[in-house]
Amino acid sequence: MKKRYVSIWFPHLVCDQMAIKQKELKTQAYALVAHERNKQMIVNVSHEAKKLGLRPNMPLADARITFPALQAFKHQPQRQQKLLKKLAEWFIRYSPSVALDEPDGLFLDVSGCTHLWKNEALYLEEISSRLEKEYHFHIAIADTIGAAWALSHFSTQQIAASGQQMQALLNLPPKALRLQDPILQRLSKLGFHHIASFAHIAPTTLRRRFGNELNLRMGQAMGQQQEAFNAIEEPNPYRERLQCLEPIQTAKGIEIAIENLLEIICERLKQEGLGIRNATLNAYRLDGKLQQIKIGTNQPSIHIKHLFKLFELKIKQIEPDLGIELFVMEVLKVEPLTQHQEALWHTNTHTNFTEIAELLDRISIKAGKNAIRRYLPQEHHWPENSIKAVADLTLQPQTDWPVHKPRPTVLLNQPETIKVTAPIPDYPPMNFTYKGQIHRIIKADGPERIEQEWWTNDGKHRDYYCVEDEKGQRYWLFRLGHYDSKVPAQWFIHGFFA
Amino acid sequence: MEKLAQKLIIQRLQRQILDLEGFKTNSKQQNSKIGFAPIEQHFPNQVFPTGTIHEFISTAPENTACTSAFIFGLLSKLQQQNGIYVWIGKQKQLFTPGLTFFGIPPHHIIFINLVKPKDILWATEEALKCKSLSGVISEVEGINFAQSQRLQLTVEKSKVTGFILRTQPENITATACAARWKITPQASENTENIPGVGFANWQVELLKVRNGSTANFTVAWRNQQFYVNEQNNSAPFLSQAIGS
């Protein structure tokens, strides 16, 4: 799939945010100032200040000469970073992968996202309409991260059609390629004021004069070179960290860590009325490797002792090696705690459903979820299809269990062929050989014809007989299809009656 | 008169010994007399022991078919209301629609399929610890004395009734179970020459009973009830209706 990237640039990121908090600032000129080399330098200006000609990297004293009423605030780099991260998380609604472009921009990998808003123009419009009340920004979409960045910072063009990034960038200054200052200075000294002026020079020649970076950045913008996209992690609201003072190597230590984390998480979930269905314990080792154990429950639970037991069964899988320095517990799935499970089972009052669910949790941790099954009736003719396995413990049968026809208590997974001696055409066999043993049939019931379901599959029907041999053992046999004098009939054994 | 007094003393002493051995006769158990006297009379205090482990020998699928039916018949008599049961075994064999005839709604049975014998025993012990279950049935290849004792100690605490189905006849050793049963199909009796197979008959062998006596009788299941045909009974068709 063709990749598409969006770049968003917030030229007045922190200033805009201050205006959101203090409405009166919106129409005023102000700047963020940092102390740099014994000078107060402007780092960021508001939109109004920019109109007056003020720019970042200007000494505050110079700015005050042209505009004495300029307000100055202290610049806090952490605040800007935090704000950008928050915005990035907000943007997850538009694309699952969002990356930071420090210090004041964002990249979105929008491959396969824009069609949800019909087309790219409407997609950008939707984002713009949400953002324009609060932030000043420039947005652009292109095939590569580099091209999108260039367009958002240096062009009014918003959309570079697929494969058209070269044409879109030709008229932009070299700065649009995200080059370092020394290279930019050299380029301008040589009179390269637009990308067009050096875009067609052979890469080897450029490398000789400007080093590899120019070629790399060109390649990244044009799509010939890959560029890493470091998407931010989706925030997990139920996540707890436990930093260890000293690396932990013992099982006992891990147990204590799990207990502590569970206590914090369960306390919080309890207040919200939620319970854990799936949780993961990540143990970060000293050597940077990650050890992980996962648990799942059959019903939402905040029972610390029970959850701990589930983790305990898996502690053996953790290799502490040199030691674990950080534990992170994440709850991947929560569900509202249910109070009235008993009613679903229609059982007597002293049956504690939670206790059974906890037992099954423990078993499924060891044996896997597929090991535990209940069976409910299903409205199908063939015995194999007349029951369905369900994993959910609260499901009730939709229909009654059929009781009008005899059914065996043990059923073979696959009917097995038997040799029979049978009188023609519709009588039960006189004897049959199963697993090398001859059974002489004394009594029999049947036949009970069970048809294929013609609306799903076609094939031969089965004529079932319930037979009893001389020892009293009862079997369920069937003949496949109609009796045919030319072709010997096929007989099968399918079950054992009580 | 003197003899009667002696008999009473012996009875009292026997009961004391039973109590010491862990066969407590609490009032609840007295009430839960299931009502099949011909079976119950072979057990201590004439009560079918619940809260212990019963062992069944079931080697062929024919045996499993009637053993499972017998167990579920017993359980449906023991528990008036619907309980929840766990079946632990190697693979799915039981056909739940067939169990409807024996008084247990099949969707109340939770099947646990495990592969390793060790895992089956572990799961059985865990299940027996769970007081909310009405019965635990476990298919094992073999069980030794120590393992069975461990299960017995578990149920003494939790009062859950456990049923062990031993599938490998060559590994039969002494166990700490309350009783050892063997259920085999038996030719059904057809009195009035009605065509068809009729109701099934099972030969129920009580091979070992702790503090009780062994026995051998024929049992039939019809209309949600057990009917017992004592083998040494001279009247072969006398079916004594028991229960209710």
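Me: In this predicted model, in which sense do strand 9 and strand 11 of chain A pair, and over how many bridges?

Reply: Strand 9 (residues 274-285) of chain A and strand 11 (residues 324-336) of chain A run antiparallel to one another, joined over 11 bridges. To follow the register, begin at N282(A), which stands opposite V328(A) in strand 11 of chain A.

Me: Which general rule about side chains should I keep in mind when reading a strand?

Reply: Side chains in a regular strand alternate between the two faces of the sheet.

Me: With which residues of chain A does strand 10 pair with strand 9, and what lies in the turn?

Reply: Strand 10 (residues 290-301) of chain A pairs with strand 9 of chain A in the antiparallel sense over eight bridges. Within this pairing, Y284(A) stands opposite L290(A). The two strands form a hairpin with four residues between them. In that turn, G288(A) has a positive phi of about 85°.

Me: How should the packing of helix 10 and helix 11 of chain A be described?

Reply: One reads the angle between the axes, and then the residues that meet. Helix 10 (residues 203-210) and helix 11 (residues 212-222) of chain A pack at an angle of about 135°, and their axes are 6 Å apart. Angles over 145 degrees would count as roughly antiparallel and those from 65 to 115 as roughly perpendicular; helix 10 and helix 11 of chain A are therefore oblique to each other. From helix 10 of chain A, P203(A), L206(A), R207(A) and F210(A) meet N212(A), L214(A) and N215(A) of helix 11 of chain A. The residues of this contact comprise four nonpolar, two polar and one charged.

Me: How many residues bring chain A and chain B into contact?

Reply: The contact involves 46 residues of chain A and 43 residues of chain B. On the side of chain A that touches chain B, helix 15 of chain A gives the largest share, seven residues. That side of chain A divides into 24 nonpolar, 10 polar and 12 charged residues.

Me: Which strands pair across the two chains?

Reply: Strand 12 of chain A pairs with strand 3 (residues 109-113) of chain B, in the antiparallel sense and over two bridges. Here R373(A) stands opposite F111(B).

Me: What confidence values accompany the complex and chain B?

Reply: For the complex, the predictor gives an ipTM of 0.82 and a pTM of 0.66. Chain B has an average pLDDT of 80, with 84% of its residues scoring at least 70. Over residues 231-244 of chain B, however, the pLDDT is below 50, and this stretch has 25 contacts in the model beyond near neighbours in sequence.

Conventions: Residues are numbered from 1 along each chain as its sequence is written. Chains are lettered from A and ligands numbered from 1 in the order in which they are written. pLDDT is the predictor's confidence in each residue, from 0 to 100. Two residues are in contact if their C-beta atoms, placed from the backbone, lie within 7 Å. Ala, Val, Leu, Ile, Met, Phe, Trp, Tyr, Cys and Pro count as nonpolar, Asp, Glu, Lys and Arg as charged, and the others, Gly among them, as polar. Two strands pair if DSSP finds at least two bridges between them. Axes are lines fitted to C-alpha atoms, for helices over the stretch in contact, and angles run from 0 to 180 degrees between N-to-C directions. Angles under 35 degrees count as roughly parallel, over 145 as roughly antiparallel, 65 to 115 as roughly perpendicular and the rest as oblique.
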